[in-house]
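Q: I'd like to learn how to read aromatic contacts and surface exposure in a model. Can you walk me through it?

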Amino acid sequence: MGEQEPQQNGFHLDAPMSPPYDDLTPPGDNGLTTVDLMDTDSPPDYAQLRSQGEKTHSPVFELGGYRWRLLLFPSGNRTRDTVSVFLESLDASEQPQDSDWHVCARFAVALINPRDESRIVHQDAQHRFDSQSVDWGFSVMTTIAKLYRGSEEMPAIIDREELNIVVWVRIYHDDLGVLWHKFDRWDSRKETGFVGLKNQGATCYMNSVLQSLYFTNYFRKATFQIPSENEDPQKSIVLALQRIFYNLQASPDAVGTTELTKSFGWDALDSFAQHDVQEFNRVLQDNLESKMKGTKAEGAISRLFVGKMKSFITCINVPYESSRMEDFYDIQLNVKGCKNLIESFNDYVAVETLDGDNKYQAEGYGLQDAKKGVIFTALPPVLHLQLKRFEYDFQRDAMVKINDRHEYPTEIELDGYLDPSVPQTVSQKYHLHGVLVHSGDLHGGHYQAFLRPGLDEKWYKFDDDRVTPASKREVFDENFGGEFQSANRQGLKLKRFTNAYMLVYIRDGDRPTVLAPVTPEDIPLHLQKRLTEEKINAERERKEQEEAYLYVTVRIIQDEDVATHHGFDLFNFNYPAGVNAQKVLRTQKLGQFKADLCHQLGLQPEEFRVWNMVARQNKTLRPDAINTVDSNEWTMEQALNKMGKSNNEIRFYIESIKGRPLHWYSSSGNYPPPDQPKISPIRNKEPGSGTDKGLTLWLKEYDPVTANLHYIGRLYVDDKDTKIGEIIPTLVEAAGLAPSTPIKVYEEVKPEMIDTLKLKLTFHTAEIGDGDILVIQRELTPEETEAIQDPSLKDALDYYTRMKNRVTMSFRLRGRERDDSEALQIVLSRRTTYPEIQEIIAQRTGAESEKIRLLSVIPHNGAPNWILDMGFGPKGVPVLEAIHPGLDAGIVVYEVLGVQVKELENKRFMKVWWVDKKNREQGPFDFLLPKTGKVADIGVQVAEKIHDGTITVDEDAANQVSLQPPRYRIYEIARDGRLLKLYNDTDHIDTIRDSTDIYVEVSVDGLPEILADEINAHPIQVFHFTKELSRGFGIPLWLPIIPAEPFSATRERLQARLGMNEKDFAKAKFVLVNARGTTRADEALIDVFTSVADDLLSELPRNEEWSLGVDHLDRSGRARLGSFEKAIKIFVSRFLSSPPLPARVSNPTMRPNSVHIAMPKPNPSGGYLSLTRPAPRNEANPVKVAFLLASLLVLILFAHCQWGTGAGQSSGYVLQEVDDEVLEVEDYVGRAEKILRKVPLVDG
C-alpha cells in the first residue's frame, strides 16, 4: 500500500510544529502554511465565531495534490457545548454519486493555544473519502468548558478568545482499491471478475473449500463431465455442485449453496454448525469419485489429488524390511515445533530408531534395532496440505488451537522428499495456489480463502459473498500466525488468532493443465440449458415478487373443477393445483376483466354467469351472488375489498352453458323457453320481477355402495316459498335415478353440521338460499344394506364424519425419525383407536401389534417427546387428536418393545444400575415394576438378579446377601455426577421421574469388611469430576467420617473404595463443596486438603451439608456432560460397494472398505462427531486393531475438549450403522494408549 508523506495546514500558526503522532511525522520540513478562518491579521475571536452561526468553513487549501477545507462547528454539531471539527474533500464532493473516485487519508486535527504550543488537544482518524462520504472528523474534539477552563487531563486552550487549529494529512495510495472500504456498494463481479458464496449461517468453512475446488479448473471441468440429465434436483449432489460452479462462472451476484446442503440431507440446524474442512473435502470428493465411475470424468480426482507414500520399518543389522504402500489425498503437517513448511515436511519424514526396549520384532530374526518412517513415492499435481492447527494437549487434557508462527513459501521444492529408488520424470517444484484461513479459537470462528485463480501473481480474498483483491502481505504475513506489534501500545506483542489452516500447491509442470480456462464448450449443453431455464424462472419469480403489490390474484373454478372434488364445499382452494389462477392489475376495471373472460372461455356474455364466492362466518366458501353490470366500474382493488379481503384474493365460480345443465323447478309452471341458455337468470330484486325470489342450489349425490360423493349439477328454484318436498322428483331426475326412487336429502351446512332436511318446510323457512349445497342419497333396501362393503359408511352422515376426521400421518421408527425413506404414510381417522393403529403398523412392518408403542414428537425437530397413553382409544378420546389437534397431517413415532404395551399400562420400565463395593457399575438392567409399587420392589428384583447370576457381586457381598435380607441403598444421580436423591423403601415408584436411571448398592454398614469406627460415623458424599464441577462422571459414594482421623488416613480409605492405582490417585485434587442443592464450590476450602495432610473432615461445621469432590481424569467412559450424551461406538463397514442410506443420518457418503467411527454430540442440537478411514484389506491383520484404536483415540481427544462449533470437530454426516459388528468401548483412553505402544502400524 503506497503512501505520501503527511502535510500540515494550520490557522495562525507562526512556526512549524511536529504532528502529535509519529507515523504522521514527515522527515525534514513539514511545509507548514497558515490559512485564515476569518479575513483578519490575527487569530479569530472564538466567541465571535460561536455567535456567527452553527458552522464555518476554512479557506480551501491543497495537500497531497487534493483540495481540502476544514469544517468547524464552534458550539458543536450533534452534541451541544462541544467543539466539532471535520476534514472535507472538495474533490469528493464534486464527483457523481456512482463514481469510483476516492482518496484514502489518515489525518490528525489539533486545537492549540497561539502562544503556548504545549496547551493542545488533538485527535486522529483515517478515512476513505468518496462521493458518498465527503467529510470525516470529530463530533467531540473537546467540550467548551474544557476549552476555556481545562481539566485534570488537559490545560485550558483559550485565553483571550484566540485559538489555532492545525491539521496533518497523510495520503495513502490504494493500490488494490479496497483500503478502508465499507463495501456497502461493492460489486465483486465488476471489481474482480469473480463472485462469492452466500453463508447459510455457519457454512463459511464449506464456502472456502468450494472456492478452492472451483478454481482448480481441471476439477471443475471433470465435475461438469459427470452425467446429470436424469438426476433429482432435490437430492443430487452432483447437480447441485454443477449448479454452483456454473453460477460462479456466470452469475453477477453471490451464489447460494442451499441446494447443495439439501442434497447432503442437511436441515437448517446442520447449516448452523461448523464442520471440519478436511473431512468435508474428503466426503465431497468421495461422493463425486463414485459418481465419476464409468464416465468421461472417471479417475479425475485420483489424477489430481492422490499421491503415494511408503511406510517402512527397516532393520539395521539384518536384511529385513516391512513396508506398505498407501494412497493419500492430503498431507497433515505439524505446526507446533516447526517454524516453516520445510521443517514440517522434515518432521513428517523424520526416521525414528527402534532400539532398547522398543526393538522391532522382525519375522525370522527376532527383536532387532530398526528404523521406522515414511517416504513419498509419488506426489500429486495438486497438493493439499492440512496444517495441524488443532491438537490435543495432554497436559491440559483438552483440544487447543496452535497459533504459533508457521511460514509457507510461494514456491517449494519437494524432490528431496521422494524415494530415490523410484525414478522421477518431472520436477517436484510447486507453486502456492490457495490459502484457507481460520480466524478464531477452538470453539468457533470464521473461514475464508485466499486464492490465485490464474498463472499470474494476482491474489484474491474470498470471504463468503465478497471477493476482493488481496496483497501478498495479507496472503502471507498476516496468516503465518504468531504475534504482531500492537498499533496502540509500543512494544506490546499481541497473538494472531487468524492463521493458515490448509494450503493448496500446484506442481509447476502441471499448472497450465490444471488451471486451463474453463470455456462454455466444457459445460454440457443440457446443463447450460437447464441452468439457463432455472435462471430465467428465478428472474421471473423475482420480478413477480417485486411487482406483486401491483396485482390481485383471481382464482376461477368451473363445473369441471367441482367434479373433481369429493369433500366439503365446492372446491378446496388450499390445494389449488389445476385451478385457473390469474394476476390482474389492481387498477383494471372489473368490466374489462369480464370481457377478457369472454375471450378466454370462448363464450358470449349472455352464455355465462360470474358468481362471487364469499367466505361465510361458518368457515365455508360458497357462491354468493351473480356479478352484474352494476359492478363493472369497480376496480379490481375495490372488488378485492368487497369480496375477497379475508383471503387476500378474489374467487369466482363460472356458471356457463359448457358446464353441467341447470335443472329448473318452477312453482308456477313458467319454465324458460328451450332456446334460452340453461344458466341461472340474473336476479332482479324488484318485487314482482319474477326473479326476486329465485335461488340457485348446488347438488351432490352420495352413493353408499361405492362410498362416493360426487357433484351432479345445479338447481334453480324460482320461489323461496316452495316446499322442499315439492322438488324431490326434480332431484331424482338430476341424480339420474328411476322415477319414484326414495331418497334422503341433506344440507351441507358446515363440516361438522350435515342436516337432514324436513321436506314440509319451505326454502325460506329452512333458511336455504343461493350457493347452498344439497346432498341426495338413495335409500337402500335391506339386502343392499347388508351387501355394503364398509358398514361404517352406510349414509352421507358417516361419510362426512370420516372426511372431517381424516388425517394423513407419517409413522416413523424410533431412532430413525429423520429418515423419510422409511416413514409409513397412512391415512387414518382421528377417531382411530390405539389398537387399530397398532394393527395397521403391524401389517406394514411384520411386527407384533401388541408390542408397538406410540410416541408423540417435538414439532420443530421430530424427536420423540412423550409416550402416548394406550387408554386414549378405548375411552373414546381420539388418539390422533391427542397428538395433533386441528391438523390434517402429522408425525408419530413408534417403537417395538419386548413386551406387550398393555402390560406397561399398569407397569413401567426402569433402567437400574448395580454398583459394587469398588464403586464399579454394572448394567443397565431393565426392570418392569408395578406403577403402584414401592421402591422396595426394586430391591426385590435386584436380589432376584443376584440370585440368578444376572448381577455379579463380590464374594463377601454375596455371602452377606445369602445370610440375611439384603440392605440396599437406592438413589438417583444428577447430571453433574452428584447424588440427586436417596430413596427410602417406602417411597412410591410413581415418585421417580420417567427416563431416570436408578443406582443400587449394598449399604456400606451391611458389608462385613467395614471398620468398627465407621459403623456409627457420619458419612460425607464423595463425587468425581474433571476440571470443572459441572463435568461430573462416575458413581458418587458415601464415606464415613471417622472422628479425629487425619485426612492422610481418609485418603487411604478413599483410594481403597475407589479402586484407583497410586499413580492416578496421586494426581487427584480434592475440593469441598457446599451441598445445599447446588454445585457451588466454597472458595475458602478449595484445595485445602492438598497442602495439609492432617486436616480433619470431622471438624467441618455441622450447620452445612458438605460434599467432597475428587478432581481426576475420567477413565470411566461415562462422563456426565448432560442428558444429551450417549455411548461411544465404533462402526465397522464391510461393504464392498456403496451402502444404502444409513438410518441415523439423512445423506452420508460411505467409502467402500472403510472404518467409520462416530460419537453423538452431547448437546441439544444433536448430530454426530465422526471419522472415516480406509480399512486394511486383511481383517485378520493386527493392523486393523491398531487402526481402530488409533482412530478411536483421535475421536476421544475431541471428546475431552469443551464442546462447541470449533474447527477441530469432525463433521457429523458420515455416520453409518452396521448391524454385524458394533464394539462398545470402555476405559478407552488407557487401553488405546497401551495397545498403540505395542502394535506396529506397518506390520505385514
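A: Sure. Start with the cut-offs: a residue is buried under 20% relative accessible area and exposed over 50%. Keep in mind that this is a predicted model.

Q: Is Tyr 549 buried or exposed?
A: Tyr 549 has a relative accessible area of 60%, so it counts as exposed. Tyr 549 sits in the loop between helix 15 (525–546) and strand 30 (551–557). Together with Leu 550 and Leu 585, Tyr 549 makes a nonpolar surface patch of about 300 Å² accessible area.

Q: How do I read a ring pair, say Phe 571 and Phe 573?
A: Rings pair if their centres lie within 6.5 Å, and planes over 60 degrees apart count as edge-to-face. There are 44 aromatic pairs by this rule. For Phe 571 and Phe 573 the centres are 5.5 Å apart and the planes are at 70°, so this pair is edge-to-face. Phe 571 is buried at 11% relative accessibility, and so is Phe 573 at 7%.

Q: Which pair links distant parts of the chain?
A: Try Trp 914 in strand 46 and Tyr 968 in strand 48, which are 54 residues apart. Their rings are edge-to-face, at 6.1 Å centre to centre with 85° between the planes. Trp 914 is buried at 3%, and Tyr 968 is buried at 13%.

Q: What lies over the face of Tyr 214?
A: A charge sits over a ring if, for Arg, CZ is within 6 Å of the ring centre and within 35 degrees of the ring normal. Here Arg 220 lies over the face of Tyr 214, 3.7 Å from the ring centre. Tyr 214 also belongs to an aromatic cluster whose members include Phe 194, Phe 215 and Tyr 460.

Terms used:
Residues numbered from 1 in each chain as written. Predicted model: local features only at pLDDT ≥ 70, side-chain atom pairs only at ≥ 80, totals over all residues. Heavy atoms only, no water. Patch = residues over 30% accessible without salt bridge, like charges linked within 9 Å, V, L, I, M, F, W, Y side chains within 5 Å. Areas by Shrake-Rupley, 256 points an atom, 1.4 Å probe, with all protein chains shown as cover. Salt bridge = Lys/Arg side-chain N within 4 Å of Asp/Glu carboxyl O. Helix = DSSP H or I, 4+ residues; strand = E, 2+ residues; numbered from the N terminus. Buried < 20%, exposed > 50% of the residue type's maximum accessible area, 1.4 Å probe, protein only. Phe/Tyr/Trp six-rings, centres within 6.5 Å; stacked < 30°, edge-to-face > 60°.
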